[in-house]
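Me: Please take a close look at one chain of this model for me. Keep it brisk, and tell me how it is built and what its surface is like.

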Amino acid sequence: MVIGINIILAVSLNLVSGFTGQLSLGHATFMGIGAYTATLFALKLHVPFLVALIIGAATAAFFGFIIGVPTLRLKGDYLAIATLGFGEIMRNILLNLKITGGPMGLRGIPKITNIYIVAAAVILVIFSLNRIMNSRVGKSFIAIREDELAAEAMGINTTNFKILAFAIGAFYAGIAGGLFAFLFRYINPNNFGFMKSIEILCMVVLGGMGNTSGAVLGATILTILPEFLRSVSPVISQYRMVFYGILLVVMMIVRPQGLLSDTSFDFLKSSVFGKIKVKKIAEKGGQ
Amino acid sequence: MTLLEGKDLTMVFGGLAALDSVDININKGEILSLIGPNGAGKTTLFNLLTGVYSPTRGSICFKQREIKNLKPYDITKMGIARTFQNIRLFGEMSVLDNVIIGQHCRTNTGVFGAIFRGPATRKEEKKVRDRAMDILNFVGLAGEAGEKAKNLPYGKQRRLEMARALATDPDLILLDEPAAGMNPQETNELINLIDKINDMGKTVLLIEHDMKLVMGISQRIMVLDYGKKIADGPPEKVRNDEKVIKAYLGDRAGKEVRAC
Amino acid sequence: MFFSQFFAQVVNGLTLGSTYALIALGYTMVYGILELINFAHSEIYMTGAFIGLMAVTVYKLPFAAALLAGMAGACMLGVIIEKVAYRPLRKANRIAPLISAIGVSIFLQNAALLAMGPQARAFPANFSAPGLNLGIIQISPLQLLILIISIFLMVGLHFLIQKTKIGQAMRATAQDKETAQLMGIKIDRVISFTFAIGSALGGAAGVLVGVYFNSADPMMGFFPGLKGFVAAVLGGIGNIPGAMVGGLILGLAEVLGAVYMSQYKDAIAFAVLILILLFKPTGLMGRRVQEKV
């Protein structure tokens, strides 16, 4: 079930960072907004689970919009830092508000999330995401990543479409947050901090930026691997974060495009197997 | 009939005027060439007309509307398209998708349309795809529709840029050095293509260094030097203009201006 | 009464701000040359603090020696990080080195967590010096020391960059790497040197802050690191005097702001960051760059 939630998080961040090219270091913030909103609606107003989940996601999307309007004028590194900054501000607010329970968080959430609900959510998210990516909207996202200026020259209102990508990504992350809350039955602001954002980013990078299957694979590996390590030896699991760090660096140096990626052609050329393949093709051509 | 009128266009970068009080008039249906030595301000003028920069001073009227403060995407929607001097294709996307993106501002599918894919969306998608293929046929790239744009050879990338610009369905198309890096045969094909585009009723504004192309194709030529307009008229007049010859003197193109 | 409290807060703000400025310098120097946010800088700072702490507590060295040790250690770490994690990626796209930097940061933080344990350790200052009493303005010995050392380091850096040959090479490399290379500048060495200097300043900040708050822990770099970056952006990233000014302004804003809303102390820096990015994205002293089309 955790895998499913992480898959939703990874594919949604991939929409923002992988497809649209807007590096976000605050994706967990939207997960948190979804989790808190859904929980509060369910606990205080006794709204049914599914409705609460949707309200949580919609609220996250709304915040995505609000945060996106000012920050998405920024580019690259600046955007990354601004999203990080918003994430920290939001965590600070959650820590200090009464209604969110401050650092204690919210307890006593009923356990409703089950494997079927998660599976249905994952399928719906990936299905709708694929539909979006194959449409005029998704193509505009990729065009913005490829060349923002040329995208504008094609008549794409780049600011609006970046905000749209951000809001959709936030919506999905909000769903993941809601599922998370009703699975673990307890949430606090530190569940949704910078470290969680980085973890989601790691999944996307590992799988391959701009590739939904890659994000799914990355999320699966990074969810199972720590559990596996823990089952092998509790000592090793202490090194989980150290391992994350090394993984990111090595990944960037050895295979920056991730395990699966649509630029795998370049990799073929540079890898040993690729060289053999290219050579064979060249020989065939020569004969 | 005047399609676009720029008046007193001035663009200052850090104290230096890249363009200094330039007037430009583009008539509907003509092919106008913009020439001048490197750094004369040609591309800056393009960037002003397409909204990449907002002019320091002056006004731009397109179809009787002031456009100088509009964003590039609004200007594209109004009917001005362009290509880039240093090719700016969407490299990871297919050739076909590049042309489909060009039709962005003429289509409306939104997020919900995309997710539910109702009949209207599907109809639009088919229309867009068919039109993209038509345009690729027109520029001679139909065979490469499935290739990634970045894998095309240079000359074809230039043509794809033109296809993409055509896809926005412009009234005025701005071509920034379309023949750069092309061999003579490719250049001849390009001349045919530009003529064909003009025959479709599109007005063309062209920046080009290839004098054979410029003199052969243009109905009118405008010459910039150090950010100022030094000549504007039919090719035979510009060719013999003292100032123009002086600006190009010693330059290989200068000899060409006279030779053509 | 009001004034003496106010001035006390100003002194606190300037002290804190001068350490932010030292951290900001490391970010700004690296960004100026590589256009990379060196996320690991906060961990370099933390490492500097721990080396200083070890020097004082384990080896019983005097404060000055601890400061130098912290700087030297941080300096070496910075150079190694650049060699291992950034240099192989110099030709890659913009995102790859950034993620590599985040990786290094996570690695160092958690390695320190494993080596040192999560609890904060006391960091005794181990020195004695007079404070300063200017009527209503009182500066404690520790604050005076931090201010003097910070100013000394910043003036030294300014001299290094403006008056020495290596400084000239750094400025040239920041402007245009290719041309600098053609002029015979060994840019690999210049980049290493930039990391060395920037990291040493970060390490110094680590020791000074550790002493100031009498505490060091593996996570101590996170917020000061981010705030140092905010200070760099505030002043105009890539701009060295800007980083100094940005650090001082941020320190003041934070201390004075915290008087009114202490629970949101850490959020103030980010609010400042977002405001500056929105209204003057090039920072207070940054220059405007236009994308070439």
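Reply: A residue is called buried when its relative accessible area is under 20%. By that cut-off, 56% of the 260 residues in chain B are buried. Keep in mind that this is a predicted model.

Start with the secondary structure. Chain B holds 11 helices and 10 strands. Its radius of gyration is 19 Å, and the globule rule gives 18 Å for 260 residues. The two values are close, so chain B is as compact as a globular protein of that length. The C-alpha trace of chain B spans about 65 × 40 × 35 Å along its principal axes.

Next, the contacts. Take the pairs in chain B whose residues lie at least 6 apart in sequence. Of these contacts, 67% join residues at least 24 apart.

Now the surface. Chain B exposes about 11200 Å². Carbon and sulfur atoms supply 50% of that area. As for charge, chain B carries 38 positive and 33 negative charges. The mean positions of the two sets are 4 Å apart.

For context, here is a pairing elsewhere in the model. In chain A, 38 residues are in contact with 42 residues of chain C. Together chain A and chain C bury about 3400 Å². Of that buried area, 81% is on carbon and sulfur atoms. On the chain A side, A:Asp77, A:Tyr78 and A:Ile81 supply 19% of the area that chain A buries against chain C. No other three residues supply more.

Methods:
Residues numbered from 1 in each chain as written. Chains lettered and ligands numbered in written order. Predicted model: local features only at pLDDT ≥ 70, side-chain atom pairs only at ≥ 80, totals over all residues. Heavy atoms only, no water. Helix = DSSP H or I, 4+ residues; strand = E, 2+ residues; numbered from the N terminus. Rg over C-alpha atoms; globule rule 2.2 N^0.38 Å. Buried < 20%, exposed > 50% of the residue type's maximum accessible area, 1.4 Å probe, protein only. Contact = heavy atoms within 4.5 Å. Areas by Shrake-Rupley, 256 points an atom, 1.4 Å probe, with all protein chains shown as cover. Lys, Arg positive; Asp, Glu negative; His and termini not counted. Charge placed at Lys NZ, Arg CZ, Asp CG, Glu CD. Buried area = accessible area lost by both parts, 1.4 Å probe.
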